[in-house]
Amino acid sequence: MFDFLKLCNYFEKLPPLKRAALLAEKSVKVIAGLKDMNVDGIDAVDALASFLIGSVVCDGNVNEVEYLLIYPSLVRIFGDDFDYNTIKAAFKGPHGKKAVKECVSHMEKIFAALDEEMRRDVFALSLCAVAVDGKISLKERMYLRKLGSIK
């Protein structure tokens with residue numbers, strides 16, 4: 001599909017203003033494409049929101065710094081329904097890893113139903129989210145690879 005490592009390196013080096021512009025561009029296109037999509041009873045926009053939040057908590061813990069960095073993007077894309085304490089509670093404790101796995105499972109199903117162009121856009125949006133702090137950690141890379149068909 002695309003060269004995963006090159007993309008990760010590109011998004012890590014992307015200046016914050018350019019990343020924000022790309023995030024805005026891709027989010028409008030992706031949300032419009034996912035809005036009416038429903039795969040196996042899963043709301044595609046909710047699945048994407050959960051997946052992006054899951055990228056911040058992919059190790060089972062909510063990193064407040066990363067969350068604060070991604071928060072403006074989440075609000076811009078999905079509205080202002082995201083607060084740190086609610087997200088932290090949803091992903092805390094033993095059910096946190098289960099919640100992350102469920103996010104990935106739902107997004108895998110949605111991702112598989114998308115055409116190639118939309119997959120690239122969803123992946124670019126996801127990379128913008130995980131690279132918000134200028135670094136894509138190994139755990140974040142492993143998390144994103146779960147979308148499938150990634151070299």
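In this predicted model, Ser 27 is buried, because its relative accessible area is 5% and a residue counts as buried when that value is under 20%. Ser 27 belongs to helix H2, which spans residues 16-34, and the side chain of Ser 27 reaches the backbone oxygen of Ala 24 at a distance of 3.0 Å.

A second residue, Tyr 10, is placed in helix H1, which covers residues 4-13. With a relative accessible area of 42%, Tyr 10 is partly exposed, since this class lies between the limit of 20% for buried residues and that of 50% for exposed ones. Although Tyr 10 and Leu 127 stand 117 residues apart along the chain, their C-alpha atoms are separated by 9.6 Å.

The packing of helix H1 against helix H7 may be described next. Helix H7 consists of residues 116-130, and the axes of H1 and H7 come within 10 Å of each other, crossing at roughly 45 degrees. The two helices are therefore oblique to each other, because an angle of this kind is neither under 35 degrees, as for a roughly parallel pair, nor within the range of 65 to 115 that counts as roughly perpendicular. The crossing of H1 and H7 is, in addition, right-handed. On the side of H1, the residues that take part in the meeting of the two helices are Phe 4, Leu 7, Cys 8 and Phe 11, while H7 contributes Phe 123, Ala 124, Leu 127 and Cys 128. When the residues of this contact between H1 and H7 are sorted by class, eight are nonpolar, whereas none is polar and none is charged.

How values were computed. Residues are numbered from 1 along each chain as its sequence is written. This is a predicted model: local features need pLDDT of at least 70, side-chain atom pairs count only at pLDDT 80 or more; totals for chains, interfaces and linings use all residues. Side-chain values use heavy atoms; hydrogens and water are left out. Helices (H or I, at least four residues) and strands (E, at least two) are DSSP runs, numbered from the N terminus. Buried means under 20% relative accessible area, exposed over 50%, partly exposed in between (1.4 Å probe, protein chains only). A polar contact is a pair of N or O atoms within 3.5 Å; within protein, one must be able to donate a hydrogen and the other to accept it, and residues adjacent in sequence count only if both atoms are side-chain atoms. Axes are lines fitted to C-alpha atoms, for helices over the stretch in contact, and angles run from 0 to 180 degrees between N-to-C directions. Angles under 35 degrees count as roughly parallel, over 145 as roughly antiparallel, 65 to 115 as roughly perpendicular and the rest as oblique. A crossing is left-handed if the near helix is turned anticlockwise from the far one by less than a right angle, and right-handed if clockwise. Contact means heavy atoms within 4.5 Å. Ala, Val, Leu, Ile, Met, Phe, Trp, Tyr, Cys and Pro count as nonpolar, Asp, Glu, Lys and Arg as charged, and the others, Gly among them, as polar.
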